[in-house]
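Q: I have a structure open and have not looked at it before. Can you walk me through it?
A: Go ahead and show it, then ask.

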Amino acid sequence: MRVTVSEKSALSYSRLVYGVWRLADDADVSVSHVRAKIDAALAEGMTTFDHADIYGDYECEALFGKALAEDGNLREQMQLVSKCDIALISDKFPARRVKYYDTSADYIRSSVENSLRHLHTDRLDTLLIHRPDPLMDAAETGKVLDDLIDSGKILSAGVSNFRPESWRLLQKHMTHKLVVNQIEISVLHREAFINDDLSALQLDDMAVMAWSPLAGGRLFADDAAAQRVRPLLQAIAEQNDTRIDVVALAWLIQHPAQIMPVVGTNNLQRIKGLGKALNLFMDRETWFEIWTAAAGHEVP
Ligand SMILES: NC(=O)c1ccc[n+]([C@@H]2O[C@H](COP(=O)([O-])OP(=O)(O)OC[C@H]3O[C@@H](n4cnc5c(N)ncnc54)[C@H](OP(=O)(O)O)[C@@H]3O)[C@@H](O)[C@H]2O)c1
């Protein structure tokens with residue numbers, strides 16, 4: 001099951017995406033272990049990998065890139081998404097006084113060059129503007145994204161954490177189409193279902209990636225909403241001979257916007273089996289039972 005994001009460039013993403021935000025948090029960051037996680041993700045059908053320049057204090061792309069450098073055939077088996085515009089306070093940038101966003105042409109260009117170098121690749125399949133920048137000059141940002149696509153350094157561009165008017169402003173200044181918005185969606189974070197963002201994305205023919213689809217692990221923690229919904233997820237998991245995480249991803253998969261959950265587990269055993277989410281059908285009442293349990297009250 002794949003999501004076509006650009007007919008023109010024949011670009012498609014896997015329905016489940018593997019995100020590497022937490023890659024450097026793993027106790028084992030050896031290239032062989034990173035490769036084992038990549039292989040486990042690929043075996044579950046996750047061919048799309050989600051990066052950002054800043055992940056792991058600017059280290060994750062390079063950790064992942066070592067695996068790509070070791071095996072010349074690996075890059076062709078995957079799609080690489082990366083992001084930029086967040087400038088972190090970091091030892092790597094000692095002169096930086098504050099965390100900020102930068103969507104200037106120079107900043108985006110240099111971030112893409114760094115990502116390509118760290119990932120040992122000649123192109124990103126998609127570059128996302130990581131967060132809306134209040135100082136974004138849409139004409140400047142749109143032009144650099146178009147230029148990067150025309151040069152082949154990125155095959156497509158998208159946004160993350162954008163609301164409709166902000167992505168439409170950027171799109172107005174581009175010739176190429178913005179292909180995706182990556183936003184937070186999970187059983188415990190349901191805002192996009194009711195604030196019309198998912199409708200706007202469908203209207204604008206944009207793909208949707210859901211970050212932290214297991215609420216960043218909160219689904220398994222001592223959290224009131226998680227405690228309300230877990231017994232139900234567990235019961236559905238048992239009926240389907242699977243696990244809670246798979247049911248929570250399947251809940252997102254049911255939505256007609258073709259949501260692509262971006263999972264972030266570092267645990268090899270947890271990566272295995274996630275693909276089952278694509279085949280777990282949930283009827284409407286079950287979907288709303290999960291909503292109701294998570295919200296703590298029925299829908300209006
Ligand atoms: N665009 C953005 O602004 C943005 C923001 C945040 C994230 N992202 C992207 O989204 C990706 C996923 O985010 P995420 O890592 O927060 O996603 P997630 O899949 O919701 O959460 C992963 C976390 O949940 C834990 N977990 C998973 N299954 C578990 C289980 N069965 N029991 C207990 N804990 C469990 C994992 O721990 P283990 O590793 O121990 O399994 C990990 O700490 C990131 O890698 C990044 O690519 C994007």
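Q: Where does the ligand sit?
A: The ligand sits in the largest pocket. Keep in mind that this is a predicted model.

Q: Which residues come nearest to the ligand?
A: Arg22, Asp50, Ser212, Thr265 and Arg270 come nearest, out of 27 residues around the ligand.

Q: And by class, what is in the shell around the ligand?
A: The shell has 12 polar residues, 10 nonpolar ones and five charged ones.

Q: Back to Thr265. How far is an N or O atom in its side chain from an oxygen atom of the ligand?
A: The distance is 2.5 Å for the side chain of Thr265. Ser212 also has a side-chain N or O atom close to a ligand oxygen, at 2.6 Å.

Q: What about Trp21, is it the backbone or the side chain there?
A: For Trp21 it is the backbone: one of its polar backbone atoms is 3.0 Å from an oxygen atom of the ligand.

Q: How much of the ligand's accessible area does the protein cover?
A: On its own the ligand has 910 Å² of accessible area, and the protein covers 85% of that.

Q: New topic. How many disulfides are there?
A: The count is zero.

Q: Why is Cys60 not in a bond with Cys84?
A: Because the two sulfurs are too far apart: the closest cysteine sulfur to that of Cys60 is in Cys84, 16 Å away. A disulfide needs the pair of sulfur atoms within 2.5 Å.

Q: And from the side of Cys84, which cysteine sulfur is nearest?
A: That of Cys60, at 16 Å, and Cys84 is in no disulfide.

Q: Is Cys60 buried or exposed?
A: Cys60 counts as buried because its relative accessibility is 0%, and buried means under 20%.

Q: Cys84, buried or exposed?
A: Cys84 counts as buried, with 0% relative accessibility.

Definitions and conventions:
Residues are numbered from 1 along each chain as its sequence is written. This is a predicted model: local features need pLDDT of at least 70, side-chain atom pairs count only at pLDDT 80 or more; totals for chains, interfaces and linings use all residues. Side-chain values use heavy atoms; hydrogens and water are left out. A residue is near a molecule or strand if one of its heavy atoms lies within 4 Å of it. A polar contact is a pair of N or O atoms within 3.5 Å; within protein, one must be able to donate a hydrogen and the other to accept it, and residues adjacent in sequence count only if both atoms are side-chain atoms. Accessible areas come from the Shrake-Rupley method with a 1.4 Å probe; for residues, only the protein chains shown count as cover. On a 1 Å grid over the protein atoms alone, a cavity is a set of points where a 1.4 Å probe fits but cannot get out, and a pocket is an open set with protein on both sides within 12 Å along at least five of seven lines; lining residues have an atom within 4 Å of a point. A molecule sits in a cavity or pocket if more than half of its atoms lie within 2 Å of its grid points. Ala, Val, Leu, Ile, Met, Phe, Trp, Tyr, Cys and Pro count as nonpolar, Asp, Glu, Lys and Arg as charged, and the others, Gly among them, as polar. Buried means under 20% relative accessible area, exposed over 50%, partly exposed in between (1.4 Å probe, protein chains only).
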